[in-house]
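Here's a quick briefing to read with the structure open beside you. Have a look at how the two chains meet first, then turn to the fold inside each one.

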Amino acid sequence: MPRKKIKLDHQIENLSILNEKGKLDKDLVPEIDDKTLLRMHRTMVLSRRFDEHQLRWQRQGRIGTFAPAKGQEASQVGSIAAIEPSDWMVPSFRETTAAIWRGTPLTGLLLYNAGYNEGGRIPDDQNDLPIAIPVASQISHAVGIAYAMKCRGEKHLAMTYFGDGATSEGDFHEGLNLAQVYNTPTVFICQNNQWAISTPREIQTRTKTLAQKALAYGMPGLQVDGNDLLAVYAATREAADRARKGDGPTLIECVTYRIEVHTTADDPSKYRSEEEVEAWKKRDPIVRFERYLKTKKLLSDDDIEGIDEEVIKEVKGAWKEAEDQMKQLGDPVDMFDHLYAERPPYLEEQRQDMKQSLEARRG
Amino acid sequence: MAELTMIEAINLALRQEMEKDESVFVLGEDVGYEGGIFRTTENLYDQFGKERVMDTPMAESAILGMSLGMAVYGLKPVCEMQFSGFSYFGFHQMESQVARMRWRSRGRYTVPMVCRMPYGGGVRALEHHSESREVYYAHTPGLKIVIPSGPRNARALLVSAIRDPDPVIFFEGKSIYRSFREEVPDEEETLPIGESQVVREGGDLTMITYGALTHRALEAAETLSEEDGIEAEVIDLLTISPLDDRKLSESVRKTGRVVIVHEAHRSFGPGAEIIARINEKSFFYLEAPIQRVTGYDVITPYFAREQDYIPDTSRILQGARQALSA
């Protein structure tokens, strides 16, 4: 009766295709057409500038608390671009770049961040769930959607986003476990941005990787350089193909970094060093991707400047539009809408009460 | 028409809805091959297969979260929490997600799911198996709370709950699962959610109750009639939220006297809300303070003493006579 090693179904690999020094592994480069490459770039730049402007507007009191995606643009675009519009995206609360890729208007995001529910509505032609704030709580929703797709014999998949902190939540464990048990077409994208507010990755878990948590569920897990758009895209593509073929879910850990605050309500200088942030800024995913596009002769410095001007104009235009929309919105009695298909009598009474109080207040 | 227990009636509702609508799915712990620990889902697995009658891992939170995802995608999941006392593992899914999805998405996504859970005492079970904590859920905007009192209305209400466009929590009183049979028609029957029923008419006193205790309230009403010559009107709420306060008011305006009977704890319990509604709508019709006969505000005791905790007919009579004395 010897003591033997048990061979697990999967091994954990790390994937990097385009490193921070610009070195490219040509054999691993995924097939992406030029138009898509340029759209990926533009989306990242737009998301970056949008974050920066929103930060300013938050400091000025024009919008409320929000969670910037700065630094994580490649891990979001690389993954979201690898699935189809007919697939579903189940986000947490930091997926601005992915949301822009899917078609969410900046005005909607601004309205949401300015405290208007209306901003959270997903456009009708977009298969995305709204932002989910309680960490990890959205993971099992993607499993349910994927299970329904599978039962209907469709070839779609559901992809969900969460951070490193989410891997400590019970809902992460339960969700991944159920996905594997029912072999659902689900892709789990963990954006390991190293920090859950002030809690560093090593206090979150002692495992060497987050990807290896997949092994506990009998699921393949892969760690990728999250600031390497090509690697994220290749990994997600592979996971999406597997899901579509009926081979079940995959966990992908994108190793990236949250350059900015967790949300505008915290001060990261209190818990992490400037050196660490600076080191990660050198691995900026946008700079890396621009260098790649320049060597491919898809972009020039002039182009980059032009795109920058263009997206800044777009961001400012979105704010104007959001401001206009806010003037039209804001009848508070709307908070009684959409609670139930039909408003029960007691709620209608409260709604009338509110109307009267508002009228009395207005005089 | 067959004489069914509440277990069999619930099973009938599930079976017929699954036959009629292939988007109806059943999921939960031991609900498939085993047919449910109380046998409410018996034979569904054989008839509809493991894809639609899903044995799940022990994961209340993911059962609810997965149900939400399925519902958003157009299915009608009927999930089961094995005991309401274990549903708290999934409470945050219910509160943070299930109840809010329609509202958060401004009507883009709806969650037409049912969550069934056995509640209440009377079956000599272990700790955590006998609670009556429906107010946790009734306090949550976006949910509907239904509690049947017997086989026939359980069947009809469950059908309505499955067809309802919003999430419904369906509490099943364990003590009446098998305690009596009732005629349940084979043909389809539904009951509107949000409407209570007058199950005994009377002009002297209004007795408001629901679930398993409806039967004790009816017994107490008979005793009142025989011993005191008092005719109590007994209202079976059937739905806790939204509360049918119109029917309550009609009865209170007629009798002027009220006793509320429930198994749930007294403080901040369903009775507190019912009293508030009566005060708001019919205070000047009251002739005496409203009485509450309820579970005490202690942890639900182990089974050797549970019958001293759950309101019985003598406590109900006491409460009723108190309401009549002033």
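What follows covers the interface, a sheet in each chain, and a couple of backbone oddities.

Keep in mind that this is a predicted model. Chain B and chain A bury about 3900 Å² between them, and a salt bridge links the two. Each chain also has an open sheet to look at: six strands in chain A, seven in chain B.

**Where the chains meet**

- On the chain B side 44 residues are in contact with the other chain, and they meet 46 residues of chain A.
- Of the roughly 3900 Å² buried between chain B and chain A, 60% is on carbon and sulfur atoms.
- If you want names to click on in chain B, go for Tyr73(B), Arg106(B) and Arg108(B): these lose the most area to chain A, and together they make up 24% of what that side buries.
- There's one salt bridge in the count between chain B and chain A. It pairs Lys281(B) with Glu349(A), and the closest N and O atoms are 2.9 Å apart.
- Polar contacts add up to 25 residue pairs between chain B and chain A, counting pairs with both residues at pLDDT 80 or more.
- Which elements of chain B give two or more residues to the side that touches chain A? They are β3 (53-55), α3 (60-72), α4 (91-98), α5 (101-104) and α10 (270-282) of chain B.
- With nine residues, α3(B) gives the most to that side of chain B.
- Sorted by class, the side of chain B that touches chain A comes out as 18 nonpolar, 14 polar and twelve charged residues.

**The sheet in chain A**

- The strand order in this open sheet of chain A is β1-β7-β8-β4-β3-β2, and the pairing is parallel.
- At the edges you'll find β1 (13-15) and β2 (88-90) of chain A; each has a single partner strand, so one side of each has no neighbour in the sheet.
- From one strand to the next, the twist in this chain A sheet averages 25 degrees.
- Zoom in on β3 (158-163) and β4 (186-192) of chain A, which run parallel and are joined by six bridges. Tyr161(A) stands opposite Ile189(A) in β4(A).
- Helix α2 (73-80) of chain A packs on the sheet and touches β2, β3, β4 and β8 (250-255) of chain A. The direction of α2(A) makes about 170 degrees with that of β3(A).

**The sheet in chain B**

- Here the order is β3-β2-β4-β5-β7-β6-β12 (chain B), with mixed pairing.
- The edge strands are β3 and β12 (239-241) of chain B, each with a single partner strand, so one side of each is left without a neighbour in the sheet.
- The twist of the chain B sheet averages 20 degrees from one strand to the next.
- Three bridges hook β2 (24-28) of chain B to β3(B), and the two run parallel. Val26(B) sits opposite Val53(B) in β3(B).
- Helix α7 (151-163) of chain B packs on this sheet, touching β2, β4 (76-80), β5 (114-119), β6 (144-146) and β7 (168-173) of chain B. The direction of α7(B) makes about 160 degrees with that of β7(B).

**Backbone oddities**

- Ser241(B) and Pro242(B) are joined by a cis peptide bond, with omega about 0 degrees. Pro242(B) is in the loop between β12 and α9 (245-255) of chain B.
- Asn183(A) isn't a glycine, yet has a positive phi of about 50 degrees. Look for Asn183(A) in the loop between α6 (170-181) and β4 of chain A.

Terms used: Residues are numbered from 1 along each chain as its sequence is written. Chains are lettered from A and ligands numbered from 1 in the order in which they are written. This is a predicted model: local features need pLDDT of at least 70, side-chain atom pairs count only at pLDDT 80 or more; totals for chains, interfaces and linings use all residues. Side-chain values use heavy atoms; hydrogens and water are left out. Contact means heavy atoms within 4.5 Å. Buried area is the accessible area (1.4 Å probe) that two parts lose on being put together, summed over both. A salt bridge is a side-chain nitrogen of Lys or Arg within 4 Å of a carboxyl oxygen of Asp or Glu. A polar contact is a pair of N or O atoms within 3.5 Å; within protein, one must be able to donate a hydrogen and the other to accept it, and residues adjacent in sequence count only if both atoms are side-chain atoms. Helices (H or I, at least four residues) and strands (E, at least two) are DSSP runs, numbered from the N terminus. Ala, Val, Leu, Ile, Met, Phe, Trp, Tyr, Cys and Pro count as nonpolar, Asp, Glu, Lys and Arg as charged, and the others, Gly among them, as polar. Two strands pair if DSSP finds at least two bridges between them. Axes are lines fitted to C-alpha atoms, for helices over the stretch in contact, and angles run from 0 to 180 degrees between N-to-C directions.
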